[in-house]
Protein chains: 2
Amino acid sequence: MSVKSFSLNCPLPLNTSAVVLLAHGGGGRLMHQFLEQYVIPAFQNDQLATRHDGAVFDVKNARLAFTTDSYVVSPLFFPGADIGSLAVSGTVNDLAMCGARPLFLSAAFIMEEGLPFETLERVIASMRATAEAAGVHIVTGDTKVVDRGKCDKLFINTAGVGVIEHTQTIGPSAVRSGDAILLSGDVGRHGVAVMATREGLEFATAIESDCAPLAEPVLALLEAGIEVHCFRDLTRGGLATTLVEIAESSKLGIHIAERSVPVEEGVRGACEILGLDPLYLANEGRFVGFVAERDAENALDIMRKHAVSAQAKRIGTVAEAPASLVTLENLLGTKRILDMERGEPLPRIC
Amino acid sequence: MSVKSFSLNCPLPLNTSAVVLLAHGGGGRLMHQFLEQYVIPAFQNDQLATRHDGAVFDVKNARLAFTTDSYVVSPLFFPGADIGSLAVSGTVNDLAMCGARPLFLSAAFIMEEGLPFETLERVIASMRATAEAAGVHIVTGDTKVVDRGKCDKLFINTAGVGVIEHTQTIGPSAVRSGDAILLSGDVGRHGVAVMATREGLEFATAIESDCAPLAEPVLALLEAGIEVHCFRDLTRGGLATTLVEIAESSKLGIHIAERSVPVEEGVRGACEILGLDPLYLANEGRFVGFVAERDAENALDIMRKHAVSAQAKRIGTVAEAPASLVTLENLLGTKRILDMERGEPLPRIC
């Protein structure tokens with residue numbers, strides 16, 4: 001291992017901590033190290049080995065996708081979304097990123113003793129509305145209550161089952177040199193919306209989370225026969241961490257231009273004040289698509305027909321080199337290597 | 001509504017509390033009222049309406065079962081099992097109770113900052129061993145970390161997908177008058193094992209949880225062509241609550257004899273000391289099967305061939321009347337009506 005790659009890959013070696021840190025749940029380098037060290041080897045199988053947003057398998061002649069996420073966002077409500085819409089959108093999106101049509105969701109609630117029913121009603125109404133918008137049914141569930149002080153108001157887990165109706169292989173391993181990289185819209189709004197609410201910050205313009213189900217544009221791309229190699233939604237760790245994951249899994253070089261990445265004025269301002277980088281902020285309604293170069297313009301046209309990806313843009317290209325690295329050309333034209341999020345600037349963002 | 005059924009069904013009306021109580025997660029009457037009032041109407045669909053342990057649906061020509069449970073048991077480790085084996089067994093069992101062959105599980109961890117990795121390793125090793133024993137693969141997952149004091153060490157959610165390979169309809173609605181009611185083994189061990197560990201109680205003989213995957217005897221019954229009408233595992237609320245659920249869903253009368261229900265000596269002793277009723281204690285490796293009378297003996301023979309149901313016994317019979325009620329003939333030969341658990345004697349039992 002060269003000194004350079006060592007310094008990029010091991011900024012916070014896992015073995016410096018014998019206990020779980022907030023950063024182990026942050027979606028960045030520590031979480032990946034944790035998964036590689038503890039989880040993936042223990043449950044070793046082909047599906048986990050793909051390191052995708054969900055598992056894909058066949059049951060009889062049905063090709064299915066299956067995924068899960070727990071939601072521990074704090075606070076429960078914030079501009080543009082809440083834990084309920086997030087819990088539905090997030091799992092719908094993980095299914096969509098597998099190229100699946102989302103069909104059925106489970107909903108499991110862990111509630112703290114003393115949670116007002118009025119809060120729960122708002123959350124459930126939000127889940128219902130989001131499920132209807134996404135065309136999925138919540139068909140099974142679970143309820144647990146823990147004593148006061150043993151959880152933080154409400155945690156929700158959703159798992160989802162979807163069906164894959166095409167024959168393309170979609171995932172980091174299918175990315176090819178020359179692929180165009182498309183981004184569905186502006187980045188960073190979810191992270192800023194949650195943080196501003198939590199910290200009681202007020203900005204000149206209210207920043208709303210981008211939280212939304214993404215299956216529509218994804219399925220439209222597949223139905224149009226676009227040669228898609230990989231989809232990935234930009235959640236914890238943001239655009240930068242997502243791209244690094246894909247570069248490392250595919251062992252290819254990802255090149256993007258900062259000027260192509262849309263960032264709303266309010267988000268940019270908040271980031272400047274708070275010292276955050278919008279490329280690392282969480283999103284809950286944004287995805288990247290890696291598509292064959294010849295299909296890039298056509299794909300953008302399709303994405304722009306759907307409200308959730310109306311601002312879709314091409315942000316870069318895949319190349320052979322530098323292998324496993326993401327290179328960003330910044331606004332001044334200089335290039336730098338992006339790494340995953342190393343610490344945990346914004347815990348409990350989803 | 002007659003006075004009698006009113007008094008049985010509304011011991012603790014939900015509207016006396018504007019906030020969530022521990023009993024809302026206890027598997028008993030309050031939890032059912034909560035589900036009927038808030039959850040089932042909001043997400044209205046055929047699968048939820050069956051009120052079974054999981055949802056059953058078709059994708060292409062595959063008939064699938066899908067279920068989820070969160071595990072918040074305290075403490076994490078106790079005689080005979082731990083949160084890991086529980087999280088795998090519980091979800092495997094919910095699939096089996098749908099008459100499905102369990103195939104794939106998800107595993108989502110919510111960890112408290114500061115959780116020792118050594119604890120997590122033990123739990124993951126236990127999940128792996130139980131998954132291997134049950135023949136299921138853990139194929140997708142999620143990791144969240146919350147700040148210290150915002151959860152209690154570790155919560156795990158598992159969801160599961162199974163395939164239904166027979167054509168029988170299995171669920172409370174399929175129960176018929178005249179059905180034989182079979183119980184797979186002794187009851188109450190899980191509840192006593194967890195509580196004794198939590199409270200630091202020591203009994204003359206260590207009582208181990210019955211936690212175990214149950215798919216083997218269930219699938220063997222189906223493969224042998226036994227006419228099964230309903231399976232249900234006995235978790236929160238115990239045998240009594242499970243039977244009341246089925247009586248109310250099927251609108252039939254369930255008659256059982258207390259002398260037929262096996263209770264280990266140590267469990268009986270602990271219950272006497274602590275004022276608990278073994279019929280209401282949680283189990284994690286026990287189920288009841290409702291089968292056609294003519295198949296009852298054959299079904300017991302099949303169940304007894306599997307270690308987990310080696311002590312299977314017939315405990316009662318279904319009749320037309322008294323509709324929606326469970327009648328217990330106690331050891332003295334007198335009869336009484338069983339209701340669901342009303343409060344929450346043992347919170348966080350699973």
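Two strands count as paired if DSSP finds at least two bridges between them; strands here are DSSP runs (E, at least two residues), helices are H or I runs of at least four, and both are numbered from the N terminus. We're working with a predicted model, where local features need pLDDT of at least 70, side-chain atom pairs count only at pLDDT 80 or more, and totals for chains, interfaces and linings use all residues. Residues are numbered from 1 along each chain as its sequence is written, chains are lettered from A in the order written, and side-chain values use heavy atoms, leaving out hydrogens and water.

**Exercise 1.** Work out how β2 of chain B pairs with β7 of chain B, and place both in their sheet.

*Solution.* Start with the pair: β2 (residues 62-71) and β7 (residues 154-163) of chain B run antiparallel, joined by eight bridges. Along it, Tyr71(B) sits opposite Ile156(B). Now zoom out: the open, mixed sheet of chain B has five strands, ordered β1-β2-β7-β5-β6. β1 (55-59) and β6 (137-146) of chain B are the edges; each has a single partner strand, so one side of each lacks a neighbour in the sheet.

**Exercise 2.** Describe the interface between chain A and chain B.

*Solution.* First, contacts (heavy atoms within 4.5 Å): 79 residues of chain A touch 78 of chain B. Next, buried area (accessible area, 1.4 Å probe, lost on being put together, summed over both parts): about 6800 Å², with 70% on carbon and sulfur atoms. Val20(A), Phe43(A) and Phe117(A) supply 11% of what chain A buries, more than any other three residues.

Finally, salt bridges (Lys or Arg side-chain nitrogen within 4 Å of an Asp or Glu carboxyl oxygen): there are six between the chains. One of them links Asp69(A) to Lys144(B), with the closest N and O atoms 3.9 Å apart.

Technical notes: Buried area = accessible area lost by both parts, 1.4 Å probe.
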